[in-house]
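Trainee: Could we go through this structure together, one question at a time?
Mentor: Yes, please put your questions in turn once the sequence and structure are on display.

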Amino acid sequence: MSGLRGRCLCGAVRVVGEGPTLFASHCHCETCRRTHAAAFVTWTAWPVERFRVEGEAALRHHVSSPGVTRSFCGTCGTPMTFRGQDAPDRVYVPVAVLDGLDRPVDAHVSYEEHAAWLEGLERLPCFAEKSERPLRWK
Ligand SMILES: [Zn+2]
Ligand SMILES: [Zn+2]
């Protein structure tokens, strides 16, 4: 069966999702932004029966809001999963920890909470790596 693999930065926690993902979207909610210390978080999900964690002993969990449990690697801190009582049959995974994605990201969610400083993202110049050498200009 086709699937996707992922891992935290240090590799202590690895994830495997079998078969197609259920969706992919960018979440702009404040809780995601703060938990991941990021401008927004791109999520996908699998049904629990098609998802597994390897190296689970390294995972730490915290309740980020009522009914929501998030996990992260206790060694390197990478956020790894999201489980919610609203959808107990799925495990949400940040796409950034995966080696790829099987579908286009097709939506922004909780966009009303987006960081004000994210405005103009599409208009910014793009540089190669961390240099000031232009990669492309929009
Ligand atoms: Zn780690
Ligand atoms: Zn969110």
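Trainee: How are the donor residues of the zinc ion (ligand 1) spaced in sequence?
Mentor: This is a predicted model, in which local features need pLDDT of at least 70 and side-chain atom pairs count only at pLDDT 80 or more, while totals for chains, interfaces and linings use all residues. Residues are numbered from 1 along each chain as its sequence is written, chains are lettered from A and ligands numbered from 1 in the order in which they are written, and side-chain values use heavy atoms, with hydrogens and water left out. For the zinc ion (ligand 1), the spacing of the donor residues reads C-x1-C-x62-C-x2-C.

Trainee: How many residues apart in sequence are the parts that Cys8 and Cys76 tie together?
Mentor: Cys8 sits in the loop between strand 1 (3-7) and strand 2, whereas Cys76 belongs to the loop between strand 7 (68-73) and strand 8; strands (E, at least two residues) are DSSP runs, numbered from the N terminus. The pair therefore joins parts of the chain whose separation in sequence is 68 residues.

Trainee: What arrangement do the four donor atoms around the zinc ion (ligand 1) have?
Mentor: Donors are N, O and S atoms within 2.8 Å of the metal (3.2 Å for Na, K and Ca), and as water is not among the atoms, sites may look incomplete. Here the protein donors are Cys8 (SG), Cys10 (SG), Cys73 (SG) and Cys76 (SG), lying 2.3 to 2.4 Å from the zinc ion (ligand 1). Four donors count as tetrahedral if all angles lie between 85 and 135 degrees. Because the angles subtended by the four donor atoms are 105 to 114°, the arrangement is tetrahedral.

Trainee: Is Cys76 buried, partly exposed or exposed?
Mentor: Buried means under 20% relative accessible area and exposed over 50%, with partly exposed in between (1.4 Å probe, protein chains only). Cys8, with a relative accessible area of 1%, is buried. Cys76 has 28% relative accessibility, so this residue counts as partly exposed.

Trainee: Which residues coordinate the zinc ion (ligand 2)?
Mentor: The donor residues of this zinc ion (ligand 2) follow the spacing C-x1-C-x2-C, and Cys27 and Cys29 are buried. At 2.2 to 2.3 Å, the coordinating atoms are the SG atoms of Cys27, Cys29 and Cys32.

Trainee: How many disulfides does the structure hold?
Mentor: A disulfide is a pair of cysteine sulfur atoms within 2.5 Å. By that criterion, the number of disulfides in the structure is zero.

Trainee: What is the angle between the planes of Phe82 and Tyr92?
Mentor: Rings of Phe, Tyr and Trp (its six-membered ring) pair if their centres lie within 6.5 Å, and planes under 30 degrees apart count as stacked, over 60 as edge-to-face and the rest as tilted; the count comes to four aromatic pairs. Among them, Trp46 and Phe51 are stacked, at 6.0 Å centre to centre with 25° between the planes. Phe82 and Tyr92 are edge-to-face, with 5.3 Å between centres and a plane angle of 85°.

Trainee: Which residue of strand 5 does Val15 stand opposite?
Mentor: Strand 2 (residues 14-18) and strand 5 pair in the antiparallel sense over four bridges, where pairing requires that DSSP finds at least two bridges between two strands. Strand 5 (residues 51-54) has Phe51 and Val53 on a covered face, and Arg52 and Glu54 on an uncovered one. The residue of strand 5 opposite Val15 is Val53.

Note on methods:
Tetrahedral: all angles 85-135°; square planar, octahedral: opposite > 155°, others 65-115°.
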